[in-house]
Amino acid sequence: MTTAAATPAAAPGPIKGHRQMVDEASAKIRRYTVEEAMARLQDPDVQFVDIRDVRELEREGVVPGAMHAPRGMIEFWVDPSSPYHKPQFAQPKEFIFFCAAGWRSALTTATVQEIGLQNVADIEGGFGAWKAAGAPVAEKAKKA
């Protein structure tokens, strides 16, 4: 009995690169300049959401009053049907997401919009642009 050689799988179609994914996400979302975001910092109806890794927060600092929501958990924290849902995301606020450069936050903002969180935006250039513009930065509180 002879066995036929395995047929190689068909080559996948064109693969989207990270840049295309970020550009597509950016086209679907509201993006604030640092100046526009700074104008909202003290607004009680706005919650800044930092999706950077905790090591980035410790190394670079934080936006005062921003909530930390790790990128790897955001879908679970936002979705009300998830066992990991965070009630902060059920509040009637505008949520402004940011990361280091604005790439992860553009993807995140588009994703949470798809989940159903509507009043969302991100910061163009992320925390790097925030810091470079001289916007307020605080040291991340150390755990005891």
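In this predicted model, V46 has E94 of strand β4 as its bridge partner. That pair belongs to a wider match between β4 and strand β2 (residues 46-50), two strands that run parallel and are joined by 5 bridges. Just ahead of β2, D45 sits in the loop that connects α2 (34-38) to this strand. Leaving aside residues up to four places away in sequence, D45 touches K93 and E94, so E94 appears both in this contact and as the bridge partner of V46. A look in another direction along the chain takes us to K16, which is 29 residues from D45 in sequence, with 36 Å between the two C-alpha atoms.

Strand β4 itself (residues 94-98) is mostly covered, with 5 of its 5 residues buried. The cover extends to both faces: E94, I96 and F98 are buried on one side, and F95 and F97 are buried on the other. Besides its pairing with β2, β4 pairs with strand β5 (residues 120-123) in the parallel sense, here over 3 bridges. Within that pairing, I96 finds its bridge partner in A121 of β5.

These pairings can now be placed in the whole sheet. The sheet is open, has 5 strands with parallel pairing, and follows the order β1-β5-β4-β2-β3. Its edges are formed by β1 (31-32) and β3 (67-68); each has a single partner strand, so one side of each is left without a neighbour in the sheet. For β1 the partner is β5, and the two pair in the parallel sense over 2 bridges. R31 has D122 of β5 as its bridge partner. Helix α5 packs on the sheet and touches β1, β4 and β5, while the direction of α5 makes about 180 degrees with that of β5.

Helix α5 (residues 103-115) also packs with helix α1 (residues 18-28), at an angle of about 55 degrees and with the axes 8 Å apart. That angle makes α1 oblique to α5. The crossing of the two helices is left-handed. On the α1 side the contact is made by H18, R19, M21, V22, A25, S26 and K28, and on the α5 side by W103, A106, L107, A110, Q113 and E114. Sorted by character, the residues of this contact comprise 7 nonpolar, 3 polar and 3 charged. Helix α5 thus has contacts with strands of the sheet as well as with α1.

How values were computed. Residues are numbered from 1 along each chain as its sequence is written. This is a predicted model: local features need pLDDT of at least 70, side-chain atom pairs count only at pLDDT 80 or more; totals for chains, interfaces and linings use all residues. Side-chain values use heavy atoms; hydrogens and water are left out. Axes are lines fitted to C-alpha atoms, for helices over the stretch in contact, and angles run from 0 to 180 degrees between N-to-C directions. Helices (H or I, at least four residues) and strands (E, at least two) are DSSP runs, numbered from the N terminus. Angles under 35 degrees count as roughly parallel, over 145 as roughly antiparallel, 65 to 115 as roughly perpendicular and the rest as oblique. A crossing is left-handed if the near helix is turned anticlockwise from the far one by less than a right angle, and right-handed if clockwise. Contact means heavy atoms within 4.5 Å. Ala, Val, Leu, Ile, Met, Phe, Trp, Tyr, Cys and Pro count as nonpolar, Asp, Glu, Lys and Arg as charged, and the others, Gly among them, as polar. Buried means under 20% relative accessible area, exposed over 50%, partly exposed in between (1.4 Å probe, protein chains only). Two strands pair if DSSP finds at least two bridges between them.
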